[in-house]
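Student: Could you walk me through the ligand site and a few backbone details of this protein?

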Amino acid sequence: MRPSLPKTALLFDVEAVRARLPGRRIDWFESVDSTMIEARRDMQTGRIVGAEEQTAGMGRHGRKWISEPGAGLYISMVLAAKPIPVVMLALGLAARHAIGCGDIRWPNDVLVNGKKCSGVLAQLERDTIIAGIGINVSQTAFPGDLETPPTSLLIEGVRASREDLLVALVEAVDRYCELSAEEIVRGFAGASSYASGRRVRAEAAGKLVEGVTCGLDRAGFLQVREDSGTVNTILAGGVRPI
Ligand code: BTN
């Protein structure tokens, strides 16, 4: 990991973002293993850690987050603790808001034209949450054979600068995280086509279930009704459309 370089050596105009988010601590790096690891070194609430490139970007469930240099927004934010399930929903809502379009697949993948454009990770560290958000901005191709087809804003014809995205994202994360759990769950239900009426496959209590989504509970967990009528609560792992 190299420390921040002088502004002229960076592609991302962090000074312009600092000017638009006065008082906000933003630490920007040319290259890190993962902004999640970097953020853990100093968990000052409100701190934002971003990087041009991650050499070991992390996804949920031990997956990798491919972080091509300069092509995506790769950030972690240090947040005051809140129950993780609703924070996950709030972060997905914030990412969608920053992107300005798309759908949210529970709990927080932002899909544009059905392909994944943004992913979110949240780790609880004592009384603090480290939220990691990745947005694919200008990639033109993705390596490997990923389960959910990835996309970028550029591929989908959405033009956005990483600086504008970061400002919009930080403001939206702040706003959504201030809401009550009830408001966040309601907001998610209104923004995500996955909240109800979608036929999905998911894991519940260690078994694979198939059914139709039928809302979220108060804590933010997705409910899936099997054809037999049994309603399952999906606690983790996400859902796949079928
Ligand atoms: C997922 O959808 O699996 C979550 C992806 C989260 C990626 C972001 S990029 C910035 C932050 N640093 C990481 O190593 N991961 C998150």
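Tutor: Here we take the ligand site and then some backbone details, keeping in mind that this is a predicted model.

Student: Which residues are closest to the ligand?
Tutor: The shell around the ligand holds 20 residues, and the closest are Ser34, Gln54, Met58, Arg60 and Lys116.

Student: What polar atoms lie by the ligand's oxygen atoms at serine 34, methionine 58 and lysine 116?
Tutor: Serine 34 places a polar side-chain atom 2.7 Å from an oxygen atom of the ligand, and lysine 116 likewise has a polar side-chain atom 2.6 Å from a ligand oxygen, whereas for methionine 58 a backbone N or O atom lies 2.6 Å from an oxygen atom of the ligand. The protein buries 99% of the 410 Å² that the ligand exposes when taken alone.

Student: Where does the ligand sit, and which element gives the largest share of its shell?
Tutor: The ligand sits in the largest pocket, and strand 6 gives the largest share of the shell, with 4 residues. Helix 2 (35-40), strand 3 (72-80), strand 6 (115-125) and strand 7 (128-136) each supply at least two shell residues.

Student: What about the shell by class?
Tutor: By class, the shell comprises 8 nonpolar, 9 polar and 3 charged residues.

Student: Switching to the backbone, where is the cis peptide bond?
Tutor: The cis bond joins tryptophan 106 and proline 107, with omega about 5°, and proline 107 belongs to the loop between strand 4 (103-105) and strand 5 (109-112).

Student: And alanine 205, is that buried or exposed?
Tutor: Alanine 205 is exposed, at 86% relative accessible area, and this residue, in the loop between strand 8 (196-204) and strand 9 (207-216), has a positive phi near 50° although it is not a glycine.

How values were computed:
Residues are numbered from 1 along each chain as its sequence is written. This is a predicted model: local features need pLDDT of at least 70, side-chain atom pairs count only at pLDDT 80 or more; totals for chains, interfaces and linings use all residues. Side-chain values use heavy atoms; hydrogens and water are left out. A residue is near a molecule or strand if one of its heavy atoms lies within 4 Å of it. A polar contact is a pair of N or O atoms within 3.5 Å; within protein, one must be able to donate a hydrogen and the other to accept it, and residues adjacent in sequence count only if both atoms are side-chain atoms. Accessible areas come from the Shrake-Rupley method with a 1.4 Å probe; for residues, only the protein chains shown count as cover. On a 1 Å grid over the protein atoms alone, a cavity is a set of points where a 1.4 Å probe fits but cannot get out, and a pocket is an open set with protein on both sides within 12 Å along at least five of seven lines; lining residues have an atom within 4 Å of a point. A molecule sits in a cavity or pocket if more than half of its atoms lie within 2 Å of its grid points. Ala, Val, Leu, Ile, Met, Phe, Trp, Tyr, Cys and Pro count as nonpolar, Asp, Glu, Lys and Arg as charged, and the others, Gly among them, as polar. Buried means under 20% relative accessible area, exposed over 50%, partly exposed in between (1.4 Å probe, protein chains only).
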